[in-house]
There are 2 protein chains.
Amino acid sequence: MSQTLTVHDIARLAGVSAMTVSRALNHPDKVSPAMRAKVQAVVQQTGFVPNGMAGGLRSSKAKLVAAVLPTLVGPVFQETTRALNAALDAMGYQLMIGQSGYDVSREDSLLDAIIRRRPDGIVLTGIMHTPAGRRQLLASGIPVVETWDLTPTPIDMLVGFSNEEIGSSVCTWLYQRGYRRPALISGQDTRAQRRNASFLRQARSLGLGTDIPVCLTPPPTTLGAGRATLAELLARPGGVDAVFCSSDMLALGVMVEAQARGIRVPDQLGVVGLGDLEFAANLEPALTTVRIDGTRIGETAARYIVDRAEGRTVEQPILDIGFSIIERGSA
Amino acid sequence: MSQTLTVHDIARLAGVSAMTVSRALNHPDKVSPAMRAKVQAVVQQTGFVPNGMAGGLRSSKAKLVAAVLPTLVGPVFQETTRALNAALDAMGYQLMIGQSGYDVSREDSLLDAIIRRRPDGIVLTGIMHTPAGRRQLLASGIPVVETWDLTPTPIDMLVGFSNEEIGSSVCTWLYQRGYRRPALISGQDTRAQRRNASFLRQARSLGLGTDIPVCLTPPPTTLGAGRATLAELLARPGGVDAVFCSSDMLALGVMVEAQARGIRVPDQLGVVGLGDLEFAANLEPALTTVRIDGTRIGETAARYIVDRAEGRTVEQPILDIGFSIIERGSA
DNA sequence: TCGAAAAATGTTATCGATACCAATTGGAGA
DNA sequence: TCTCCAATTGGTATCGATAACATTTTTCGA
């Protein structure tokens with residue numbers, strides 16, 4: 001069985017020392033071409049794959065980055081995750097994914113499982129942290145990038161945007177387009193709730209009244225939840241002429257329900273989503289949504305971590321990448 | 001800095017041996033309650049997290065399972081991935097995700113990165129493997145579960161279903177409902193192509209003619225691609241009265257395009273998807289689709305791997321979980 | 001042609017936890 | 001009280017690769 005092959009076996013077969021094998025594989029330029037060829041031939045022929053645990057233990061470099069997400073199912077973080085994975089892959093790092101499941105108690109045990117592997121970095125995506133988890137991260141000394149948010153007191157590095165600003169911007173934006181009875185449909189996470197709070201503050205200061213409906217749905221945000229919530233909103237007294245949804249999937253649900261009831265979008269009901277997923281631009285009418293550059297978040301986070309891991313200094317470890325409201329047909 | 005803490009430090013602080021610390025953490029029942037309490041107190045207080053690379057190296061147990069997916073973006077495998085992650089997590093294993101990107105050449109380097117970590121198992125999801133990759137997996141001796149397919153010659157274990165049967169079943173199903181001019185819209189992966197081939201065979205034997213349009217779209221399958229492809233199909237001479245899409249997202253695109261053109265679904269155009277994602281049931285009309293139990297695939301794969309890792313025998317290492325056509329409003 | 005610096009290769013010790021085996025303790029039965 | 005066995009606890013070697021240092025070979029200018 002070749003799983004018991006070690007550098008020493010390869011060394012013996014190639015007639016060199018184990019160290020030369022290691023060098024031929026990891027620092028090819030430190031080895032003469034002849035040696036390199038000889039070693040690589042044996043490696044090819046035997047199918048040898050070095051044991052990363054042994055190497056990582058000695059060099060304390062795991063070539064591993066962990067990402068913590070609230071959920072794998074929701075499409076919201078997909079773009080970030082994809083970009084993170086692609087960027088890390090290109091630099092020779094693997095991505096390990098942990099799902100915190102919006103459950104605060106799981107977070108600590110997940111963090112433990114992650115720190116145990118001594119990854120070169122940890123990317124936190126849209127999660128809140130317990131004080132214990134925070135302390136543990138800090139104590140571990142592992143580079144951390146928080147994303148999808150902007151906190152005044154980051155653990156370490158940060159790539160995000162202001163959820164408060166999104167809330168107030170969307171409120172103003174709807175107001176300027178003549179909508180006067182907006183409602184909010186959102187997930188229950190703290191980021192969504194901060195957007196909501198900011199939306200309500202802005203609504204008050206614009207004189208939109210204080211009875212704006214806020215509907216929270218349990219994660220993940222789904223099309224079905226969007227449909228059901230619009231139905232519920234329409235049943236309330238007072239009426240609604242616009243909805244700001246905390247994900248494009250919810251917004252799609254709202255549009256499907258509106259269509260099923262013969263409510264015209266955007267004339268009778270304005271719909272704004274969040275995420276600008278692929279389908280947003282291709283709906284009928286196309287979805288007006290808050291665009292967040294997930295690719296940039298993922299790529300930047302990857303770069304920050306790798307820079308740190310390889311001893312370079314990160315120039316601007318706290319980055320606000322902002323957002324934009326993409327005006328399409330739905331509002 | 002606590003990241004340099006080792007079992008020996010904990011041992012010293014607790015006044016016991018390193019071995020006892022290790023046991024207190026991994027086999028609490030092998031240690032007297034007094035010792036356990038003493039060790040745990042010190043661990044708590046110091047925030048010690050053992051180095052998994054060291055432990056894994058010695059015990060050759062990584063508590064890690066790797067999954068290889070063609071893409072992280074497509075929603076098709078999400079349910080499988082989520083279930084896999086949840087099941088593994090419950091059993092104390094972490095999931096590492098690798099994206100093969102439908103690119104055969106990347107597959108080998110990805111496999112290398114995975115095998116390097118000596119995971120307890122590898123789950124292959126909807127990918128084809130090069131002969132070299134196959135050989136390498138076999139040689140590594142790591143338990144492998146192939147999913148989302150049924151091959152006569154699996155590498156090791158398998159949890160899947162017959163893509164051929166899906167193709168012919170959907171064809172028959174459409175025929176029985178009176179559709180006579182079906183078309184296929186699918187991704188370019190081999191599984192989809194096998195479904196297509198089987199659909200065409202069945203169509204021929206049902207006398208549906210040999211000019212059935214087959215439209216391939218590059219991965220990932222998106223709503224936009226569905227819209228564009230239907231538009232293209234409608235422009236062809238001959239006409240189309242039903243479409244079988246290789247993902248629900250494509251099917252949604254087809255439905256959006258049909259609606260935009262005033263084509264009535266299912267009267268003028270039947271639409272069948274694949275995956276039964278959450279939104280399928282909540283569309284208007286609800287989407288008729290091929291349901292594949294992703295949760296069961298993920299959970300079974302997790303169980304197979306962990307059983308192997310912990311020395312148990314897997315009774316039925318090749319499992320066909322089948323599929324079902326969920327009849328809703330769209331066809 | 002010689003010698004010093006640079007490049008290539010080898011040797012040894014080590015990363016941190018745990019398997020394996022030895023030693024010690026405690027308690028039941030004679 | 002003493003013996004013996006089971007339950008705990010400790011000591012040592014080891015997993016496999018590589019950092020650090022040592023040694024050999026090559027290169028190249030004077």
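**Two chains, two DNA strands, one helix pair**

The crossing of α10(A) and α11(A) is right-handed. I start there, and this is a predicted model. Let me give you the geometry. Helix α10 of chain A covers residues 223-235, and helix α11 of chain A covers residues 248-260. They pack at an angle of about 50°. Their axes are 7 Å apart. The angle falls in none of the parallel, antiparallel or perpendicular ranges, so α10(A) and α11(A) are oblique to each other.

Who touches whom? On the α10(A) side, the residues include Leu223(A), Gly224(A), Ala225(A) and Arg227(A). Leu230(A) and Ala231(A) are also among them. On the α11(A) side, the list includes Met249(A), Leu252(A), Gly253(A), Val256(A) and Glu257(A). By class, this helix contact has eleven nonpolar, three polar and two charged residues.

Now the two chains. Chain A superposes on chain B by a rotation of 180°, with 0.0 Å of shift along the axis. The RMSD is 0.1 Å. The two copies are thus related as by a two-fold rotation axis. The same surface serves both: 100% of the contact residues of chain A recur in chain B.

Next, the interface itself. Here 48 residues of chain A are in contact with 49 residues of chain B. On the chain A side, several elements give two or more residues. Among them are α4, α5 (78-90), β2 (94-99), α6 (104-116) and α7 (131-140). Our opening pair, α10 and α11 of chain A, is on that list too. The chain A side divides into 21 nonpolar, 19 polar and eight charged residues.

On to the DNA. Take strand D. It is surrounded by 24 residues. The closest are Thr6(A), Ser22(A), Ala54(A), Gly55(A) and Arg58(B). Helices α2 (18-26) and α4 (52-59), from chain A and from chain B, each supply at least two residues of the surface near strand D. Which helix gives the largest share of that surface? It is α4(A), with five residues. The surface near strand D holds eleven nonpolar, ten polar and three charged residues.

Then strand C. Around DNA strand C there are 26 residues. Nearest are Arg58(A), Thr6(B), Ser22(B), Ala54(B) and Gly55(B). Again α2 and α4 of chain A, with α2 and α4 of chain B, each supply at least two residues of the nearby surface. That surface divides into 13 nonpolar, ten polar and three charged residues.

One last point, on α4 of chain A. It supplies residues near strand D, near strand C and to the side that touches chain B.

Methods: Residues are numbered from 1 along each chain as its sequence is written. Chains are lettered from A and ligands numbered from 1 in the order in which they are written. This is a predicted model: local features need pLDDT of at least 70, side-chain atom pairs count only at pLDDT 80 or more; totals for chains, interfaces and linings use all residues. Copies are superposed by least squares on the C-alpha atoms of residues with pLDDT of at least 70 in both. Two residues are in contact if their C-beta atoms, placed from the backbone, lie within 7 Å. Axes are lines fitted to C-alpha atoms, for helices over the stretch in contact, and angles run from 0 to 180 degrees between N-to-C directions. Helices (H or I, at least four residues) and strands (E, at least two) are DSSP runs, numbered from the N terminus. Angles under 35 degrees count as roughly parallel, over 145 as roughly antiparallel, 65 to 115 as roughly perpendicular and the rest as oblique. A crossing is left-handed if the near helix is turned anticlockwise from the far one by less than a right angle, and right-handed if clockwise. Ala, Val, Leu, Ile, Met, Phe, Trp, Tyr, Cys and Pro count as nonpolar, Asp, Glu, Lys and Arg as charged, and the others, Gly among them, as polar. A residue is near a molecule or strand if its C-beta atom, placed from the backbone, lies within 6 Å of it.
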